[in-house]
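Here are some notes on the model, set out point by point. Please read them with the coordinates open.

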Amino acid sequence: MADTLEFNEIYQEVKGSMNDGRLRLSRQGVIFKNSKTGKVDNIQASELAEGVWRRVALGHGLKLLTKNGHVYKYDGFRESEFDKLSDFFKAHYRLELAEKDLCVKGWNWGTVRFGGQLLSFDIGEQPVFEIPLSNVSQCTTGKNEVTLEFHQNDDAEVSLMEVRFYVPPTQEDGVDPVEAFAQNVLSKADVIQATGDAICIFRELQCLTPRGRYDIRIYPTFLHLHGKTFDYKIPYTTVLRLFLLPHKDQRQMFFVISLDPPIKQGQTRYHFLILLFSKDEDISLTLNMNEEEVEKRFEGRLTKNMSGSLYEMVSRVMKALVNRKITVPGNFQGHSGAQCITCSYKASSGLLYPLERGFIYVHKPPVHIRFDEISFVNFARGTTTTRSFDFEIETKQGTQYTFSSIEREEYGKLFDFVNAKKLNIKNRGLKE
């Protein structure tokens, strides 16, 4: 028998994407070179703990487990290659290549086993599926339920984003099976951990979406939103835009954070985080860093001790950490002198803000439409009375937004604004 075996490898599941490459088995160990990225997996023979042969979607696959808990999977073998591989493993690695079939019964009730970096869902002794825990980005618990969220795979057109497990209650005292499950996942998952102290904490802020009072802890790379029922860690890399919008009553301010990917609460996705502040609420803030660190990191944008309106402090800190400029309303002024227009969207009443480069509507549901997305706008007659009109926006994708029940007095102001921004007005010839 030769000391080296070579196979063409079709699919490497380690990365979760289609990767051609070449797998080489020698006395020293196993080497796989990815032909797309050039990345090399090098597994020493002495590290191998177990080898499993099984039937998978693309023919047959080889699953290798190492002594330190890492798992490697290679697919694309032919059934006839089993004997050759099995003999090679016995002779050079002193390992039995075990044949294990996946369970294809289609049952959804089984046992979860944690081993190394893997979560395996088994029915009897047969695995149904396995999840590499390093792909888990978030683990949340509910009553008898654990939800795993995954890092988005940018290479794949379609990727699995979450899996939920129902964990039945047990009779044992003192052991919460849901909590035990979550701890097992978190110990191996690639989840943002709140290590070290927060730079600063804002207590009991009023949040409109998701609704409730939340403490916001500001960390160097993410913000931690902590409420009575929900707990979110939001990396700054997911923040798209920041908006600071004055309420029509001139006494309150909206602070809007646009997120992609959104935060999730059950089936609901929140693409926007909306905080509401009272203008006369003041705060004194001390950052949990020494003055040299503050100067070095923020270059004068923040100081160790700051005081002022609560909304100003939150927006200044967010702006410095996220490194995004804050969008405020443009030079639009409505009939009443406010920088927004009262209107209704879908079932609820809210405020529409014409900005320099788009429109934003708050607060339920929040909508942000950029001017470059707009195909045309339309000033339509109000359905119920002649005292109001509707403002319709159609995007280039064909989505239509109708903001209704706008006071007749706002017509001229809005028409002039839209005209100045050179947006296509569908009913141009019908201007009153």
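1. Which side chains meet in a salt bridge at 2.5 Å, N to O? They are those of Asp122 and Arg113. The model is a predicted one, and this pair is a convenient place to begin. Asp122 has a relative accessible area of 6%, so it counts as buried, the cut-off being under 20%. Arg113, at 35% relative accessibility, is partly exposed. The bridge therefore joins a buried acid to a partly exposed base.

2. On the chain as a whole, the secondary structure amounts to 5 helices and 32 strands. The protein chain has 432 residues, of which 45% are buried. Its exposed surface is about 23,600 Å², and carbon and sulfur atoms supply 46% of that area. Of the contacts between residues at least 6 apart in sequence, 43% join residues at least 24 apart.

3. Salt bridges in the structure number 11. Side chains of opposite charge can pair when their charged atoms come close. One of these bridges is formed by Lys63 and Glu130, with the closest N and O atoms 2.6 Å apart. Lys63 belongs to strand β7 (residues 59–66) and Glu130 to strand β12 (residues 126–132), so the bridge ties together parts that are 67 residues apart in sequence. Both Lys63 and Glu130 are buried.

4. A further bridge is the one between the side chains of Arg164 and Glu162, at 3.3 Å, N to O. Arg164 is partly exposed, with a relative accessible area of 34%. Glu162 is also partly exposed, with a relative accessible area of 23%. Elsewhere, salt bridges with shared partners join Arg54, Lys63, Lys73 and Glu130 into one network.

5. Glu162 appears again among the contacts of Glu149. Glu149 sits in strand β14 (residues 145–150). Is Glu149 buried or exposed? Its relative accessible area is 16%, so Glu149 is buried, the limit being under 20%. Setting aside residues up to four places away in sequence, Glu149 touches Asn135, Val136, Ser137, Gln138, Met161, Glu162 and Lys264.

6. The surface carries a patch of negative charge in which Glu79, Asp83, Asp87, Glu99 and Asp101 gather. One of these residues, Asp83, lies in helix α1 (residues 82–93).

7. Two residues should be checked for their backbone angles. Most residues other than glycine have a negative phi, and most peptide bonds are trans. Arg94 has a positive phi, near 50°, and is not glycine. Arg94 is placed in the loop between α1 and β9 (97–99) and, at 74% relative accessibility, counts as exposed. Ser405 likewise has a positive phi, near 55°. Ser405, however, is found in strand β32 (residues 400–407) and is partly exposed, at 43% relative accessibility.

8. Where is Gly227 placed? Gly227 is in the loop between β18 (222–226) and β19 (231–235). With a relative accessible area of 13%, this loop residue is buried. Apart from neighbours within four places in sequence, Gly227 is in contact with Arg213 and Tyr214. From Gly227 to Leu205 the C-alpha to C-alpha distance is 9.7 Å, for a separation of 22 residues in sequence.

9. Ser375 is part of strand β30 (residues 374–381). At 26% relative accessibility, Ser375 is partly exposed. Its contacts, leaving aside neighbours within four places in sequence, are with Glu394, Thr395, Lys396 and Asn424. The C-alpha atoms of Ser375 and Leu423 are 8.0 Å apart, while the two residues are 48 apart in sequence.

Technical notes:
Residues are numbered from 1 along each chain as its sequence is written. This is a predicted model: local features need pLDDT of at least 70, side-chain atom pairs count only at pLDDT 80 or more; totals for chains, interfaces and linings use all residues. Side-chain values use heavy atoms; hydrogens and water are left out. Patches are made of residues with over 30% relative accessible area and no salt bridge: like charges are joined within 9 Å, nonpolar side chains (Val, Leu, Ile, Met, Phe, Trp, Tyr) within 5 Å. Accessible areas come from the Shrake-Rupley method with a 1.4 Å probe; for residues, only the protein chains shown count as cover. A salt bridge is a side-chain nitrogen of Lys or Arg within 4 Å of a carboxyl oxygen of Asp or Glu. Lys and Arg count as positive and Asp and Glu as negative; His and the chain ends are not counted. The place of a charge is taken as NZ of Lys, CZ of Arg, CG of Asp or CD of Glu. Helices (H or I, at least four residues) and strands (E, at least two) are DSSP runs, numbered from the N terminus. Buried means under 20% relative accessible area, exposed over 50%, partly exposed in between (1.4 Å probe, protein chains only). Contact means heavy atoms within 4.5 Å.
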